[in-house]
Structure formats: structure tokens, C-alpha cells
Amino acid sequence: MRKLMTGDEAIARGAYEAGVSYASAYPGTPSTEILENLSTYPEIYAEWAPNEKVALESAIGASIAGLRSMMSMKHVGMNVAADPMFTWAYMGVNAGNVIITADEPGMFSSQNEQDNRNYAKSAKLAMLEPSDSQECIDMVKAAYDLSEQYDTPFIIRMTTRVCHSKSIVELSDRKDAAPKEWEKNPAKYVCLPAMARKMKVNLIERMRKLAEYSETSPFNRAEMGSTKIGVIASGICYYYAKEVFGEEASYLKLGFTNPLPAGLIKDFCSKVEKVYILEENDPYIEEFVRQQGIDCIGKDLFPLTGELTPDVIRACVTGSPVKTIEFDRSKLIGRAPTFCAGCPHRGLFYRLGKRKDIMISGDIGCYTLAAGKPYQAMDSTVCMGASISIGHGAQRAFNAQGVSRRVVTVLGDSTFFHTGINSLINTVYNKSNTVNIILDNRITGMTGHQDNPGTGYTAKGEETTLIRIEDLVRAIGVKHVYVINPNNLKEVDDTLDKCLALDEPSVIITRWPCALKKFSKEDKEEFDSLFVTKNKVDPDKCIGCRLCLKAGCPAMQYVKEDKKVIINRSQCVGCDVCTQVCPKGAIGKED
Amino acid sequence: MTKSILLVGVGGQGTILASKILTNGLMEAGYDVKMSEIHGMSQRGGSVSSQVRYGDKVMSPVIEKGKADIIVSFEKMEALRALDYLKEDGTLVVNNVEIPSMSVITGDEEYPSDVLEEIEKHVKAIVVDATALAAGIGNEKAANIILLGTIIKSMGLESIDWDSILEANIKPKFLELNKKALRVGMDAVA
């Protein structure tokens with residue numbers, strides 16, 4: 001059967017066909033849909049882990065215990081998972097194990113652009129790079145067989161364009177993989193130094209064998225055309241190159257990219273007049289080619305950052321930018337993403353942004369948008385869970401300098417479970433006095449609504465123990481814990497006043513569901529009149545001061561002709577933040 | 001010869017469903033098809049785009065600047081923003097709708113009154129009142145399928161059995177509405 005699938009869907013399909021039985025992940029664009037799709041196959045047990053380290057460790061456990069397992073994440077997740085990954089490489093698998101990294105050249109939805117192929121090289125893990133959805137399926141299936149044959153975990157390196165592009169695939173049936181027997185084998189699975197030294201020798205030997213395999217892998221192939229230009233490319237860049245050069249070049253398509261095939265590369269380069277290396281981000285292939293003593297054109301011509309789309313390649317090769325229709329660019333207005341109508345972050349950040357002499361240490365999620373206008377209520381954002389620990393360090397530094405500035409940290413519920421919890425333990429243990437706000441919108445919002453330990457549901461939609469954040473933070477030792485409704489601006493102000501006056505750490509949990517969430521029965525029980533009303537402006541009372549617009553709600557608009565604000569009925573969900581901002585009491589509920 | 005269709009709009013306007021129906025229809029008709037989407041921020045009112053390419057054998061899923069055969073914009077400002085991608089003799093369909101961005105709402109920027117005029121200085125645009133036309137057949141939300149109809153007509157894809165593609169992708173409750181919307185869109189292109 002033929003079907004159009006995204007790369008993410010195809011990775012999940014490949015895992016299904018390969019007989020995978022266990023999958024774990026933490027959501028992150030552009031990888032999230034891999035586990036979402038895996039969870040739809042009844043034959044596969046799939047779960048959301050609180051972070052990537054935990055996800056990989058559980059997938060390692062499943063492999064050791066005999067089931068083929070998959071772990072998937074966005075590129076920055078690999079930094080979190082790196083600790084088990086490097087040692088897992090030493091041990092080798094029992095049942096096959098595949099680790100998916102989804103890199104983001106161009107940073108559409110990420111804080112950096114790291115090239116995780118470097119991880120495969122550094123950790124000495126075999127790696128595959130698919131170019132389209134069919135290759136996602138084929139490579140996943142091959143990876144499981146090779147993983148067991150060579151006793152190695154595999155990395156499959158995707159990029160946003162492979163993850164989120166659709167192309168046609170041919171579906172096959174699932175081939176169940178017989179579980180592998182588990183037996184006690186400390187020499188393989190216990191990484192004490194004495195064992196690890198032997199494992200390291202084995203690992204080096206394994207990489208030597210894999211380098212031999214790489215020379216003959218069907219995923220590494222030369223396609224000879226005109227020999228004036230030879231292109232070496234992996235991943236989506238292979239198709240970008242074919243778009244630009246067509247029959248006017250020969251191609252060495254590399255799909256098995258760690259270890260790289262030195263012989264194949266030398267042979268290809270000897271047959272062409274000049275060599276272009278087309279790869280996004282780092283000169284990973286290029287450095288290897290140069291090591292072989294081969295001259296090539298790589299990052300001296302092509303950019304080290306952003307996507308290497310066909311227009312970018314064309315502009316680099318021809319030396320002149322692509323011709324486009326000229327128009328008056330001053331007519332363009334920006335359209336940055338914003339908090340949705342009814343977003344429970346709005347009330348908090350509207351008020352927090354007005355505080356003087358505080359530093360706001362932020363985190364990764366929808367709420368990072370608070371850094372921009374109109375809130376300007378975020379002063380730093382680094383990585384998942386970092387808000388609390390960066391805030392701790394900053395507060396200590398201000399205190400040491402005798403500066404009275406207070407630090408407020410802000411992160412979401414899922415981010416708190418991810419790694420924020422460790423940071424809060426640090427804050428309490430090391431006697432800090434930061435104000436820590438956990439935005440509990442009852443779901444993992446940014447990545448499109450995945451369950452987490454705080455929602456009471458698993459990735460498969462089963463009910464489970466609901467871990468309450470207030471119970472957790474009290475257990476850690478936080479004495480000042482407030483659970484508030486962020487849509488109530490007075491409650492927000494009063495609680496901030498209280499916490500900022502303390503000389504001990506405090507936690508404020510702003511508890512209101514994401515306006516886009518599909519509400520659970522628990523949500524409907526807990527939250528009174530959840531987004532069922534609408535607000536409206538009384539035009540007789542509205543003086544057109546536009547103060548309400550500074551709350552940044554997309555459902556509101558100023559009508560110049562009438563000098564009044566109106567509320568767009570179809571967007572408004574009645575959160576009431578605007579009614580509290582209006583100085584004239586002009587905004588109320590619809591009748 | 002590979003053809004390139006670019007759909008642009010604002011998160012929530014239904015570009016993704018329209019491109020899903022389009023790509024499924026093209027696949028059923030025997031074309032090789034690739035589609036690329038950037039939707040990480042789409043639920044939050046940002047600009048969204050779907051790129052569709054079809055032909056005998058499609059290489060890049062991404063459309064180059066200056067190479068789109070047709071751009072269909074679900075919103076005026078997004079049409080202007082996407083002009084870089086249109087071929088010199090390409091077709092531009094614009095939904096005559098203005099969605100203010102946050103910078104406009106907060107008063108930091110003003111939505112220019114002459115966006116369509118600026119576009120028409122450079123290309124011959126087909127301006128469609130898809131939202132009003134959709135309201136006319138009973139539901140504003142069908143505007144995306146009306147705009148899909150304009151693509152089908154402009155690209156000469158009428159011979160594909162779109163009714164059965166709609167049947168496979170649309171809930172029965174909305175099926176008749178969407179079939180009608182597709183025809184309204186096709187009729188909107190002369």
C-alpha cells in the first residue's frame with residue numbers, strides 16, 4: 001500500500017515493521033510526532049518520559065531485557081541523554097536499539113542549531129541519515145538488524161525537513177522480532193573500570209568492522225552522471241543537490257555516515273573534476289574527506305548556519321542571489337507568534353513585566369514568548385529546566401554584591417518535571433531566596449499537547465497516578481507554596497508581593513489549563529466555568545485608551561474609525577484578563 | 001517537469017488540511033508528490049506555510065525563491081511576504097482578508113491600507129473573497145477549501161476525482177459543504 005507520510009510518521013512505521021516493542025521519548029519539535037505515532041500501534045508499548053536521559057535509559061533497559069527498543073528526541077535532548085548514551089555505546093545491545101535525533105538547521109523552533117552527527121562520532125555509535133520518508137522506513141528496519149548483528153546501538157539523524165516533509169512510501173507488514181534471552185552478564189552490562197577497559201577495546205574493533213560495512217552499505221552509493229562536478233551529500237541535502245545540478249553532476253549519496261566509507265569516497269573523488277560537499281551545519285563529511293588528503297569545496301563556499309535549500313546552493317555556486325520579484329518591503333509588518341486568546345500565561349506575564357528591579361530567569365516553552373512585546377518579561381533563557389538554577393546563581397551573585405535586585409524564575413509544568421525539579425532541590429539545599437513560578441497549564445503545551453507526569457494520563461491515554469506539583473515542592477522542603485489562578489490579576493500581584501518579601505525560597509504554581517487543551521474530566525471538575533463565556537466591550541464606556549491591548553490578546557482590536565476597542569467573538573474564550581486591565585470598567589461578560 | 005505550489009497564511013486558517021487534500025489528490029492521480037511544512041509555532045498566530053511539489057519525480061520538498069508556479073495566500077500580508085517565492089509569470093491568489101498581528105494590535109505597527117495595491121503593482125493577482133464566499137454557503141471555515149478550489153482550477157487539475165478525495169479526508173457532517181466550497185473556489189478563477 002502506498003501512502004504519503006512525514007518522516008516522523010515513517011520512522012514510527014519503520015519501527016512497527018521492524019518488530020519494535022518498546023519506545024520512549026520526551027516531546028520536542030521536530031521529533032514529537034515519532035512517539036505520538038508509535039503510540040498508535042497496539043503492538044508497541046510507548047511512553048513519555050520526564051526527560052531524554054530517562055527515556056534513553058528505559059529504552060536501554062528494554063533492549064537488555066530482550067525487546068527491540070526506540071528512543072526519540074530533538075537535537076538538544078541528546079545533550080540530556082548523552083550521559084547514558086556514551087556508556088551504552090561501550091556495552092552494546094541485547095535486542096536492537098535505535099536512537100533518533102531530530103536536528104534543526106535553521107532553528108525554526110529551537111534555541112540552538114547543534115549538529116548531532118558529532119555525537120555519533122564522539123560516542124562511537126553507528127549512524128544513518130535518511131533523505132526522505134521511504135528511507136526513514138528502510139533505514140529503521142536495517143538499523144535493527146545491523147544493531148543486533150554488530151552489537152551496537154544506532155543513531156538515526158533526522159533534520160526538520162526530513163521530519164516534517166511528506167513523501168510517498170510503500171508499507172509492508174510487521175515482522176515480529178523474537179525476544180532475546182536475558183542472562184546475567186556483568187562483563188557486558190556493568191561498566192566498572194575493569195570491564196569498561198575491555199569494552200573500549202571491543203568498541204574500537206566494532207567501529208573498524210562497521211567502517212568495512214560502510215564501504216558496501218546499500219545506503220552509500222555513487223550515481224554517476226557528468227563528471228565535471230561530483231557532489232557528496234547526506235540527508236535532505238542529497239535532494240537539494242539533485243534539484244540544483246540534475247544530470248550535470250555525479251553524486252555520492254551517503255546514508256550510512258558513521259563510520260564514513262573512506263574507500264568509496266576516494267574512488268568517487270578520483271572520477272570527478274571537482275568535489276562539492278553539501279551538508280547542513282558542521283563540516284562533518286568535509287573534515288573526513290580532507291583527512292583523506294582530498295581537496296574539496298565545502299564550508300569555504302557554503303554557509304555554516306541555516307538550511308542549505310536549493311536557492312542557497314544555487315546562490316553560492318553561481319555567486320549571485322536568486323532573482324525575485326522586487327517590492328516595497330517597508331509595507332511588511334511582522335507576525336511573530338503570540339500567546340493565544342485565553343492563554344493562562346497572559347495574566348501572569350502582564351503583571352510580572354511591570355515589576356521594577358527584578359531579573360526574570362525563563363525557560364523553554366510557549367512562555368518564552370513573554371520575552372517579546374508587549375510583556376518583555378524574560379531576561380534569560382538557556383535550556384530545559386535551567387530557569388531555577390540560573391536564577392539561583394544570579395540571586396546569589398546579586399546578594400553577594402549587595403544589590404537588592406530579586407530574581408524570579410519561570411518555567412512550565414512539563415519543564416519542571418523534565419529537569420527543573422533538580423534545580424529546585426539545589427535552590428532549597430543551598431538556602432536561596434528566589435521566587436519560583438511554575439506555570440501549570442495541565443499539559444505539555446508548546447509541542448502540541450502531550451501528557452506528562454502531572455496530567456494523570458499516559459502516552460497511550462491510560463489513567464495513571466497524577467503527580468501534584470505542590471506536593472512535590474513541599475516534599476523538597478519549600479515552605480512557601482501558593483497555588484493561584486493566573487487569570488486573577490489581584491491574586492497574581494498579592495502573591496508576588498508576599499513572595500518577593502521573603503528571605504526564603506518560594507514557589508508559586510499558576511494553575512489554569514491551556515486554552516487549546518482537550519479538557520480531561522478532572523479539568524472539568526477542578527476548573528469552574530472553563531472557557532465557556534465571552535467578554536465584550538461596552539462602547540459607551542470605552543474611551544479608546546487602548547490600555548487593554550497592552551495585555552497582548554489576539555482577540556482584541558482597536559477600530560480607528562470608532563476610536564473603540566472590539567473583541568473578536570470567535571476568538572474570545574472569556575478569561576477576563578482584559579476586564580481587569582480596563583480602567584473604565586468597560587469590559588464585561590456577554591449577557 | 002516538477003510544479004510548485006505554495007500555500008501561506010496565519011496559524012489556524014486551515015492551510016494544513018487544504019494541502020493534505022491537495023497532496024492526496026495528486027498522489028492518487030499518479031504523480032510523485034512531496035510536501036513540506038513548518039508548523040512548530042503555528043498554533044500561536046505566527047505565519048505558516050505549506051509547500052507542495054509534484055511531477056514525474058520530485059527531488060526537493062522545498063520550493064526555491066522565485067520558483068513557485070502558484071502562491072495561494074489565505075491572508076493579504078502573508079501574500080506580500082511570500083512574493084519572493086513567486087515565479088515572474090506565476091499565479092498569485094489572495095484571500096481578501098486582513099488579520100492583524102500582535103504588533104498591530106498593540107499599536108507598535110500599523111497594518112498598511114494598500115497591501116493589495118502594492119502586490120498588484122508587481123503581479124496580476126486573483127483576489128478572492130473566500131471568507132465571505134464561505135459564509136455565503138453556510139460556514140466561514142470552508143474558506144480553506146474554496147482556496148484549494150482556486151489552486152485546482154489554476155493548475156489545470158480538474159480531472160482528478162476530488163469528491164472522493166474529500167470523502168476520504170473530511171467528516172461526513174461537513175462533506176457536502178466542502179464539495180460545494182471546492183466548486184465555488186474553482187468558479188472564482190476565470
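The legends below describe close-up views of a predicted model with chains A and B.

**View 1. An eight-stranded sheet spans both chains.**
The sheet is open, and its pairing is mixed. Its strand order is β1(A)-β8(A)-β2(B)-β3(B)-β1(B)-β4(B)-β5(B)-β6(B). The edges are β1 (2-6) of chain A and β6 (125-128) of chain B, each pairing on one side only. Neighbouring strands are turned by 20° against each other on average, direction ignored. Helix α1 (residues 7-17) of chain A packs on this sheet and touches β1 and β8 of chain A. The direction of α1 makes about 115° with that of β1(A). Helix α6 (residues 143-154) of chain B also packs on the sheet. It touches β1, β4, β5 and β6 of chain B, and its direction makes about 150° with that of β5(B).

**View 2. Strand β8(A) meets strand β2(B) where the chains touch.**
The two strands, with β2(B) covering residues 32-38, pair in the antiparallel sense over three bridges. K166(A) stands opposite M35(B) in β2(B). The whole contact takes 44 residues from chain A and 48 residues from chain B. On the chain A side, the elements that give two or more residues are β8 (165-170), α10 (236-245), α13 (310-318) and β20 (556-559). The residues on this side divide into 21 nonpolar, 11 polar and 12 charged.

**View 3. Strand β1(B) pairs with β3(B) and with β4(B).**
Strand β1 (residues 3-10) of chain B is mostly covered, with seven of its eight residues buried. Its pairing with β3 (residues 47-55) of chain B is antiparallel and runs over eight bridges. Here Q51(B) is the bridge partner of L6(B). The pairing of β1(B) with β4 (residues 68-73) of chain B is parallel and runs over four bridges. There L7(B) stands opposite V72(B). Strand β4(B) also runs parallel to β5 (residues 86-95) of chain B, joined by five bridges. V72(B) has V93(B) as its bridge partner in β5(B). In general, strands of a sheet pair through backbone hydrogen bonds.

**View 4. I71(B) sits in strand β4 of chain B.**
Is I71(B) buried or exposed? I71(B) is buried, because 28 other C-beta atoms lie within 10 Å and the cut-off for a buried residue is 20 or more. Leaving out residues up to four places away in sequence, I71(B) touches L6(B), V8(B), A79(B), A82(B), Y85(B), L86(B), G90(B) and L92(B). The C-alpha atoms of I71(B) and N178(B) are separated by 21 Å, and the two residues are 107 apart along the chain.

**View 5. The largest nonpolar core holds 162 residues.**
Those that touch the most other members are A15(A), V140(A), F154(A), A241(A), L278(A) and I71(B). A15(A) touches V20(A), A23(A), L38(A), I44(A), M70(A) and V140(A), again leaving out residues up to four places away in sequence. Another core, of 66 residues, lies apart from this one. Its members include I360(A), I388(A), M446(A) and A586(A).

**View 6. Five strands of chain A form a parallel open sheet.**
The order is β14-β15-β16-β18-β17. Strands β14 (358-361) and β17 (480-484) are the edges, each pairing on one side only. The twist averages 20° from one strand to the next. Four bridges join β14(A) to β15(A). I358(A) has R406(A) as its bridge partner in β15(A). Helix α17(A) lies across β16, β17 and β18 (506-511) of chain A, running at about 170° to β17(A).

**View 7. Helix α16(A) is kinked.**
The kink in α16 (residues 413-429) of chain A is about 70° and is centred on T419(A). T419(A) is buried, and other buried residues of the helix include F416(A), F417(A), H418(A) and L424(A). Which elements cover the buried residues of α16(A)? Among them are α15 (386-400), β15 (406-412), β16 (435-440) and α17 (469-476) of chain A. Just after the helix, K431(A) takes a positive phi of about 50°.

**View 8. K228(A) lies in a loop of chain A.**
The loop runs between β9 (220-223) and β10 (229-234). K228(A) counts as exposed because it has 12 C-beta neighbours inside 10 Å, and the cut-off for an exposed residue is 12 or fewer. K228(A) and S250(A) are 22 residues apart in sequence and 8.0 Å apart in space, C-alpha to C-alpha.

Terms used: Residues numbered from 1 in each chain as written. Chains lettered and ligands numbered in written order. Predicted model: local features only at pLDDT ≥ 70, side-chain atom pairs only at ≥ 80, totals over all residues. Pairing = 2+ DSSP bridges. Contact = placed C-beta atoms within 7 Å. Nonpolar A, V, L, I, M, F, W, Y, C, P; charged D, E, K, R; others polar. Core = buried A, V, L, I, M, F, W, Y, C linked by C-beta atoms within 7 Å. Bend = angle between axes of the 7 residues up to and from the residue. Axes fitted to C-alpha atoms, helices over the stretch in contact; angles between N-to-C directions.
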